[in-house]
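Hello,

Here is the structure I promised to pass on to you. Have a look at it first, and then read on for my notes.

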Amino acid sequence: MTTDTILKNKDEEDIITMTMAGSCLCGSVKFTATGVGGDHGVCHCGTCRKWSGGPTMAIHVESLSFENEEKVKAYISSEWAERGFCQECGTHLFYRLRDGSMTVVWAGAFDKNDGFSLGSEIYIESKPEGYSFAGEHPRMTEHEFLKSLGMAE
Ligand SMILES: [Zn+2]
Ligand SMILES: [Zn+2]
């Protein structure tokens with residue numbers, strides 16, 4: 001469990017729901033997301049950094065529909081989740097639970113990025129020392145994060 005549950009911690013009333021469009025770098029894949037949340041969830045875990053080339057900055061969405069879905073490849077990164085990208089240009093698009101219960105979209109894939117705040121950081125102990133994100137927001141270790149979900153003592 002990594003980026004998936006970051007935004008589930010928020011109260012329902014805090015979630016700004018809206019519909020937004022996005023695309024990959026080459027334009028082969030276009031998508032529409034509904035119920036787009038208002039905050040970046042940041043994950044510093046090693047899997048995210050390897051896959052993304054840096055920390056994940058992703059936005060929770062309620063639904064995601066694609067134009068040219070055949071260009072989207074989903075890599076199964078764990079028993080419970082998959083990570084989607086454009087087969088032509090490699091743009092990182094989404095992370096979702098394979099049971100369909102949760103999807104986040106990489107913030108940069110949206111056509112507009114204004115208006116997203118920074119909600120929280122998780123796996124903070126995995127963050128490389130050379131950079132850090134400014135601002136006041138929750139920063140949780142893996143253990144604190146799992147504990148907040150009731151998955152650890
Ligand atoms: Zn592409
Ligand atoms: Zn992660």
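**Notes on the strands and turns**

A hairpin of four connecting residues links β6 to β7. Please keep in mind throughout that this is a predicted model.

Since that hairpin is a handy place to start, let me stay with its strands. Strand β6 covers residues 72–76 and pairs with β7 in the antiparallel sense, over five bridges. If you want a residue pair to centre your view on, I76 has E82 in β7 as its bridge partner.

On its other pairing, β7 meets strand β8 (residues 92–97), again antiparallel and with five bridges. Here F85 stands opposite H92 of β8. These two strands also make a hairpin, with five residues between them, and G90 there has a positive phi near 85°.

How many of the six residues of strand β7 are buried? Five of them are, so β7 (residues 81–86) is largely enclosed by the rest of the structure.

**The sheet with β1, β2 and β5**

Now to an open sheet of three strands, in the order β1-β2-β5 and with antiparallel pairing. Its edge strands are β1 and β5 (63–67), each of which pairs on one side only. From one strand to the next, the twist averages 25°.

Taking the pairs one by one, β1 (residues 20–23) and β2 (residues 30–34) run antiparallel and share four bridges. G22 has F31 of β2 as its bridge partner. The two strands form a hairpin with six residues between them, and in the turn G27 shows a positive phi of about 90°.

The pairing of β2 with β5 is antiparallel too, and it has five bridges. F31 turns up again at this pairing, where it stands opposite F66 in β5. So if you colour one residue while looking at this sheet, F31 is a good candidate: its bridge partner on one strand is G22, and F66 of β5 is opposite it as well.

As a reminder for when you look at the side chains, those in a regular strand alternate between the two faces of the sheet.

**Two residues with positive phi that are not glycines**

Besides the glycines in the turns, two other residues caught my eye. N68 is not a glycine, yet its phi is positive at about 65°. You will find N68 in the loop between β5 and β6.

Y123 is the other one, with a positive phi near 55° in a residue other than glycine. Its place is the loop between β10 (117–122) and β11 (139–140).

Are these residues buried or exposed? N68 has 15 other C-beta atoms within 10 Å, and because a residue needs 20 or more to count as buried and 12 or fewer to count as exposed, N68 is partly exposed. Y123 has 25 C-beta neighbours inside 10 Å, so Y123 counts as buried.

**The chain as a whole**

Stepping back, the protein chain has two helices and 11 strands. Along the sequence they follow the pattern β-β-β-α-β-β-β-β-β-β-β-β-α. The protein chain has 153 residues, and 34% of them count as buried. Looking at contacts between residues at least 6 apart in sequence, 54% join residues at least 24 apart.

Best wishes

Terms used:
Residues numbered from 1 in each chain as written. Chains lettered and ligands numbered in written order. Predicted model: local features only at pLDDT ≥ 70, side-chain atom pairs only at ≥ 80, totals over all residues. Pairing = 2+ DSSP bridges. Axes fitted to C-alpha atoms, helices over the stretch in contact; angles between N-to-C directions. Contact = placed C-beta atoms within 7 Å.
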